[in-house]
Each structure stands twice: as C-alpha cells, then as structure tokens.
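This briefing goes through one protein chain by topic. Please have the sequence and the model open while reading.

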Amino acid sequence: MDDTKTNLIGLSRDQLIAEMAQIGEKPFRAKQLWHWMYNRGETDFAKMTSISKSMHGALAERYVVRRPQVTRELTSTDTTRKWLLKFDDGHEAETVYIPDADEDRGAVCISTQVGCTLTCRFCHTGTQLLVRNLSAAEIVGQFMVARDSYGEWPTPDDGGRRLSNIVVMGMGEPLYNFENVATALEIAMDGEGIGISRRRITLSTSGVVPMMKECGERLGVNLAISLHAVTDEIRDRIMPINKKYPLAELMRACREYPGASNARRITFEYIMLKGVNDSAADARALLKLVKGLPAKFNLIPFNPWPGSEFETPDIRTTKAFSDILQDAGYSAPIRMPRGRDILAACGQLRSESQRERASLSKARAAAGIEDGHHG
Ligand code: SAH
Ligand code: SF4
C-alpha cells in the first residue's frame with residue numbers, strides 16, 4: 001500500500017476530470033479511466049489497454065485504484081455473504097450481500113460511518129462512539145469488493161447480475177455523511193460504470209428531517225425510515241433523534257419526499273420490541289400515522305445483543321401485528337434474519353470479529369472501533 005498516491009476511486013466524474021487536468025490530460029482520459037475502473041473493475045493501469053503504454057507509467061506514478069482490504073470473507077448456508085473490510089487507517093466495517101428468496105439476485109448492504117453518533121437504544125452500533133465518516137471511496141468500494149467477489153465485472157448491459165440492488169442500511173447514519181454518500185451513490189448509479197439504477201437503491205435514515213428533501217432531489221433513491229414507534233413518548237425513549245425531529249415533522253418530510261409514489265413507496269422499518277411497541281393498538285396507530293402516504297412496512301424482530309435491554313416478541317405477536325397492516329392493504333413482511341450462521345443478520349454484525357480479537361482490543365475498543373454493527 002502506498003499512501004503517497006491518490007486513490008482515483010471515489011472521485012466524482014468532475015473531480016476525476018479536474019485531477020487529469022492537473023497532469024495535463026484532457027477530459028477524455030477521465031472518461032477512459034471511468035470505464036476501466038467502474039465498468040471493467042480494473043485496478044491495474046497496465047491492463048487498461050485502450051490507454052497508451054506511456055500513459056500507464058505516468059498514472060501509476062501518482063495514482064492507485066484501490067478497494068478497502070478484505071480481511072475475511074464468509075458465506076452462509078443460506079448464501080448470504082459477508083466481507084470484513086479494513087480501511088487504510090485500520091478502521092473496520094462489514095459489508096453483506098443478502099440474496100432475495102429466489103437467490104438469483106439480491107442487495108449489497110453498505111455502511112456509511114464507522115460507528116454512529118445517534119444512540120438508538122436497540123442498536124449495537126449506537127452503543128459506541130462515532131469513530132468517523134467513511135469517504136466516498138470507502139462507501140462505493142464496499143460495493144466494488146462485492147462485485148470482485150462474485151466476478152461481476154464488466155458491467156453487463158442487460159442487468160443480468162446477482163448484485164442487483166444496494167441498501168444503505170449498514171452501520172452509521174447516511175444523512176449525517178450526506179456529501180460522501182451522495183458522491184458514492186452517484187458513482188454507483190452512473191450508466192457508463194457500475195450502473196445500478198436509483199430504483200434499485202434504498203437509503204435508510206433514522207429521520208434526519210432537514211436532509212431528506214435534498215436526498216430525494218439529488219439522488220432520487222428509494223427511502224426507508226427507521227420508524228420503530230408510533231408516539232413521541234416511546235420514540236423519544238428508544239431513538240433520541242426523535243427529540244430533535246419529532247414524529248409530526250418526520251411524517252411531513254415523508255409526505256414531501258420527492259419521487260415517492262404508489263409505485264415507489266416509502267418503506268417504514270419497524271423493530272418489534274416485546275412489550276414496548278408491539279401491540280395491536282400500536283399497529284392501528286401506525287396505520288393512522290401513515291394515512292395518505294405511499295407506504296409499505298418492514299417488520300424486523302429485534303435481534304438481541306449482549307447487554308441489550310429489550311426482548312424479541314414471540315412470532316404470534318409479530319404475525320398479528322403484520323396481519324393488521326396487511327388487512328389494511330399494505331405490504332408488511334416480517335424480515336427473517338439471514339446469514340445467522342455467519343453472524344450477518346441485523347444486530348449481529350461485527351460481534352464475531354469482536355470476540356476473536358477481544359484480547360488484543362482493549363485500547364481500540366475504548367475508541368469504539370471493535371464494537372457492533374447491525375446492517
Ligand atoms: N442509521 C440508519 C441506517 C441503518 S439501517 C437507520 O437507522 O436507518 C439499519 C436498520 O437496522 C435500522 O432500521 C435499525 O433500526 C435496525 N436495527 C438496529 N439494531 C437492530 C437490532 N438489534 N435488531 C434489529 N434491527 C436493528
Ligand atoms: Fe445509528 Fe441507525 Fe443504529 Fe440508530 S439504528 S444508532 S441511527 S445506525
């Protein structure tokens with residue numbers, strides 16, 4: 001690894017053009033590089049055959065095309081796959097590929113921060129200090145690692161690939177790192193490169209109200225809201241961000257989200273917490289809350305972690321909750337944990353690597369580096 005060189009991954013198209021201008025190269029060079037990096041997945045300048053040999057050396061002198069380092073790869077018996085990644089400064093995150101039920105395609109779940117400043121009470125990530133924002137290169141690099149692993153370069157024209165979707169549902173709050181997230185997703189959506197359509201990308205937020213409009217206008221991706229409660233009283237208690245942006249404001253921002261329609265509904269994620277938010281009355285209040293909105297639901301049984309204060313309701317309770325929403329005409333699947341055997345389900349990420357390194361990690365754990373991630 002060479003820290004003196006600039007990584008070309010993660011630069012926007014305009015930034016790449018500007019970078020090439022600095023070494024006296026025309027915008028066309030940036031276009032060529034873009035194709036090699038994001039359509040072909042190439043990391044070696046010497047193999048970029050449409051670029052002249054003399055240019056290879058000039059590029060390699062100043063630049064690299066680099067992914068986060070994969071320190072471990074695990075595949076579940078249910079074919080969920082997980083990569084433990086290490087960034088240049090030693091910080092780590094995990095990226096997970098979650099196949100659909102039919103297993104022909106699926107979503108890559110990516111993280112946006114190491115840790116999270118929000119302290120949702122049910123979330124393992126929320127128990128640690130924020131370490132830092134991930135860069136655009138580290139965010140789009142997570143998807144590129146997944147494509148490397150599945151051998152899906154070059155980008156096929158017809159979309160015939162397994163890694164068909166992106167969910168921004170890993171560690172961190174994406175709307176607190178919006179510029180880097182936006183740059184990374186714009187790279188992923190670019191039709192001359194990775195080419196994942198905005199319709200196949202879903203960004204999940206805990207409800208950073210002032211950033212939601214810009215997210216919709218600039219990126220136009222699908223929106224998911226971590227709702228998890230139907231009253232301010234309960235939401236304040238389990239998600240402190242609610243004190244800043246209470247439910248009425250959050251729901252107003254959802255109503256105004258650009259591009260939401262009956263064909264592109266807002267997903268409301270709802271963690272089932274035993275005795276806290278899981279009653280039939282809660283389900284009916286939820287219906288009231290989203291009235292008139294193009295909504296669908298995702299019910300997530302709480303995934304316990306060591307020291308968590310909540311319990312998972314029994315499946316009958318969760319099923320009854322789902323039935324109330326479905327009887328009112330909404331989609332409300334219960335999201336069953338995937339990849340349990342490789343600890344890739346919500347609330348389980350990072351915990352294995354944590355245990356393995358427990359003896360080495362006192363100082364790092366104090367900085368919150370080794371602690372959980374859910375996805
Ligand atoms: N910070 C953003 C993006 C993370 S999305 C957000 O909160 O929306 C990750 C999803 O997993 C969120 O809906 C989160 O609430 C949920 N989650 C967190 N901890 C969980 C746990 N222990 N069990 C089940 N779901 C959990
Ligand atoms: Fe952060 Fe989302 Fe976890 Fe809340 S649920 S602590 S916002 S990652």
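Where is the place of Pro 154? Pro 154 sits in the loop between α4 and β9, and the peptide bond that leads into Pro 154 from Trp 153 is cis, with omega near -10 degrees. The model is a predicted one. Its chain has 375 residues, of which 56% are buried, and contains 13 helices and 13 strands. Among contacts with a separation of 6 or more, 65% are between residues 24 or more positions apart.

**The nine-stranded sheet**

- Nine strands make up an open sheet with mixed pairing, in the order β3-β4-β5-β6-β9-β10-β11-β12-β13.
- At the edges are β3 and β13 (295-301), each of which pairs on one side only.
- On average, and with direction ignored, neighbouring strands of this sheet are turned by 20 degrees against each other.
- Strand β3 (residues 69-75) and strand β4 (residues 81-86) run antiparallel and are joined by six bridges.
- Within that pair, Arg 72 has Leu 84 of β4 as its bridge partner.
- Strand β5 (residues 92-99) also pairs with strand β6 (residues 106-109) in the antiparallel sense, over four bridges.
- Here Tyr 97 has Val 108 of β6 as its bridge partner.
- Helix α4 (residues 136-150) lies across β3, β4, β5, β6 and β9 (163-168).
- The direction of α4 is at about 125 degrees to β4.

**Backbone geometry in the loops**

- As a rule, most residues other than glycine have a negative phi, and most peptide bonds are trans.
- Thr 79 is not a glycine, yet has a positive phi of about 75 degrees.
- Thr 79 lies in the loop between β3 and β4, a hairpin with five residues between the strands.
- Is Thr 79 buried, partly exposed or exposed? Thr 79 is partly exposed, because its relative accessible area is 23%, which falls between the limits of 20% and 50%.
- His 228 is another residue other than glycine with a positive phi, near 70 degrees.
- His 228 is placed in the loop between β11 (222-226) and α7 (232-238).
- With a relative accessibility of 3%, His 228 is under the 20% limit and therefore counts as buried.

**Gly 10 and Thr 183**

- Gly 10 is in the loop between β1 (6-7) and α1 (13-22), while Thr 183 belongs to helix α5 (residues 178-189).
- Gly 10 counts as buried because its relative accessibility is 10%, under the 20% limit.
- Thr 183 counts as buried as well, because its relative accessibility is 9%.
- Which residues is Gly 10 in contact with, leaving aside its neighbours within four places in sequence? They are Gln 15, Tyr 38, Ala 136, Ala 137, Val 140, Thr 183 and Ile 187.
- With the same kind of neighbours left aside, Thr 183 is in contact with Gly 10, Ser 12, Ala 136 and Arg 218.
- Ala 136 is thus listed for Gly 10 and also for Thr 183.
- The C-alpha atoms of Gly 10 and Ala 184 are 6.3 Å apart, although 174 residues separate the two along the chain.

**Packing of α10 and α11**

- Two packed helices are described by the angle between their axes and the distance between the axes.
- For helix α10 (residues 280-289) and helix α11 (residues 315-327), the axes come within 9 Å and cross at roughly 30 degrees.
- Why is α10 described as roughly parallel to α11? The crossing angle is roughly 30 degrees, and angles under 35 degrees count as roughly parallel, so α10 is roughly parallel to α11.
- The crossing of α10 past α11 is right-handed.
- On the α10 side, the contact is made by Ala 280, Asp 282, Ala 283, Arg 284, Leu 286 and Leu 287.
- On the α11 side, Phe 321, Ile 324 and Leu 325 take part.

**Cysteines**

- How many disulfides does a search of the whole structure find? The search finds zero.
- Cys 116 is buried, because its relative accessible area is 10%, under the 20% limit.
- Cys 254 is also buried, with a relative accessible area of 1%.

Notes: Residues numbered from 1 in each chain as written. Chains lettered and ligands numbered in written order. Predicted model: local features only at pLDDT ≥ 70, side-chain atom pairs only at ≥ 80, totals over all residues. Heavy atoms only, no water. Pairing = 2+ DSSP bridges. Helix = DSSP H or I, 4+ residues; strand = E, 2+ residues; numbered from the N terminus. Disulfide = S-S within 2.5 Å. Buried < 20%, exposed > 50% of the residue type's maximum accessible area, 1.4 Å probe, protein only. Axes fitted to C-alpha atoms, helices over the stretch in contact; angles between N-to-C directions. Parallel < 35°, antiparallel > 145°, perpendicular 65-115°, else oblique. Left-handed = near helix turned anticlockwise from the far one by under 90°. Contact = heavy atoms within 4.5 Å.
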